[in-house]
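Subject: Structure handover

Hello,

Here is the structure I said I would pass on. My notes follow below it, grouped by topic.

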Amino acid sequence: MEEIILVGYGGHAQSIADCIERDGRFRIIGYTEKEEQPSPYVYLGTDDVLKSFWEQGIKNVAVGIGYLGKGDLRERLFYILKSIGFQFPVIIDPSATVSRNARLGEGSFVGKKAVVNAGATIGKMCIINTAAVIEHGCRVGQFSHIAVGSILCGQVTVGEGVLVGANATVIQGQNIPSRKIVPAGVTVRGNNHKKF
């Protein structure tokens, strides 16, 4: 079984850890964070120790920092860790449904009971959170977060670094520009996304 390190240890990291354990492909050796957190995993230190673990042969990481207010941090961490040589496996909870005809970019996370349907393309380092639905033919740009219970109907295009808030619905064929936030509970239809 390959080993993996969690980078960051807040609520999102705990969800990732749970999915990793349920899936059984990786063994979590510990986590990095600014300071030690209550956790069943070993505190390895701050992110400064990561290069030494890579040199010791640990090649996999999962960025456990969620999106809210931290999208740019997730992106910076990805490129720093990528330059060291780390790999970012796709983490999919066993309860999620992901079409074999969907494509998921490196480091993306698909949470419990989420659905990624046929022909969908998910960019690298995306979060498809608990019970989110990505319908057929959707394209989700890298570093985006589709929050809990959100729905992207067919053929939706989401730019890079977008947050689609909890329980939001984006009607088929819509285009959400990069770096936008779709508020929780909103239904996006026509051009009403321009106000976000």
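What is the order of the strands in the open sheet of 5 strands, and how do they pair? The order is S7-S10-S13-S16-S19, and the pairing is parallel. Please keep in mind throughout that this is a predicted model.

Sheets

In the sheet of 5 strands, the edges are taken by strand S7 (103-104) and strand S19 (175-176), each of which pairs on one side only. Inside the order, S13 and strand S16 (residues 157-158) run parallel and are joined by 2 bridges. Valine 140 has valine 158 of S16 standing opposite.

There is also an open sheet of 6 strands, again with parallel pairing, in the order S5-S8-S11-S14-S17-S20. Strand S5 (91-92) and strand S20 (181-182) each have a single partner strand, so each is left with one side that has no neighbour in the sheet. S5 pairs with strand S8 (residues 109-110) in the parallel sense, over 2 bridges. Across that pairing, isoleucine 91 has phenylalanine 109 in S8 as its bridge partner.

Towards the start of the numbering, strand S1 (residues 2-7) and S2 form a parallel pair over 6 bridges. Isoleucine 5 is found opposite glycine 30 in S2. Of the 7 residues of S2, 6 are buried, so the strand is largely enclosed by the rest of the structure.

Aromatic pairs

The model contains 7 aromatic pairs. One of them joins tyrosine 31 and tyrosine 43: the ring centres are 5.5 Å apart and the planes stand at 50°, so this pair counts as tilted. Because tyrosine 31 belongs to strand S2 (residues 26-32) and tyrosine 43 to strand S3 (residues 43-45), the pair ties together parts 12 residues apart in sequence. Tyrosine 31 has a relative accessible area of 0% and is buried. Tyrosine 43, at 25%, is partly exposed.

Another pair is made by tyrosine 79 and phenylalanine 143, also tilted, with 5.9 Å from centre to centre and 55° between the planes. This one links distant parts of the chain, 64 residues apart: tyrosine 79 sits in helix H3 (residues 71-84), and phenylalanine 143 in the loop between strand S13 (139-140) and strand S14 (145-146). Which of the two classes, buried or partly exposed, does tyrosine 79 fall into? With a relative accessibility of 40%, tyrosine 79 counts as partly exposed. Phenylalanine 143 has a relative accessibility of 1% and counts as buried.

Ring pairs also join Tyr9, Tyr31, Tyr41 and Tyr43 into a cluster. Separately, lysine 59 lies over the face of tryptophan 54, at 3.7 Å from the ring centre.

Cavity and pocket

How many cavities of 30 Å³ or more does the structure hold? The count is 1, and the space in the largest cavity is about 80 Å³. Its lining consists of 14 residues, and those nearest the centre are Ile16, Ala62, Val63, Gly107 and Phe109. Helix H1 (11-23) and strand S4 (60-63) are the elements that give two or more residues to this lining. S4 gives the most, with 3 residues. By type, the lining of the largest cavity splits into 10 nonpolar residues, 3 polar and 1 charged. Phe109, listed among the residues nearest the cavity centre, is also the bridge partner of isoleucine 91.

The largest pocket has a volume of about 310 Å³. It is lined by 17 residues, with Gly8, Glu33, Lys34, Ile65 and Leu73 closest to its centre. The elements that give two or more residues to the pocket lining are H1 and H3. Here the division is 5 nonpolar, 8 polar and 4 charged. H1 therefore appears in both lists of elements, as a contributor to the lining of the cavity and to that of the pocket.

Regards

Definitions and conventions: Residues are numbered from 1 along each chain as its sequence is written. This is a predicted model: local features need pLDDT of at least 70, side-chain atom pairs count only at pLDDT 80 or more; totals for chains, interfaces and linings use all residues. Side-chain values use heavy atoms; hydrogens and water are left out. On a 1 Å grid over the protein atoms alone, a cavity is a set of points where a 1.4 Å probe fits but cannot get out, and a pocket is an open set with protein on both sides within 12 Å along at least five of seven lines; lining residues have an atom within 4 Å of a point. Grid points are joined across faces, edges and corners, and a volume is the space filled by probe spheres set on the points. Helices (H or I, at least four residues) and strands (E, at least two) are DSSP runs, numbered from the N terminus. Ala, Val, Leu, Ile, Met, Phe, Trp, Tyr, Cys and Pro count as nonpolar, Asp, Glu, Lys and Arg as charged, and the others, Gly among them, as polar. Two strands pair if DSSP finds at least two bridges between them. Rings of Phe, Tyr and Trp (its six-membered ring) pair if their centres lie within 6.5 Å; planes under 30 degrees apart count as stacked, over 60 as edge-to-face and the rest as tilted. Buried means under 20% relative accessible area, exposed over 50%, partly exposed in between (1.4 Å probe, protein chains only). A charge sits over a ring if NZ of Lys or CZ of Arg is within 6 Å of the ring centre and within 35 degrees of the ring normal.
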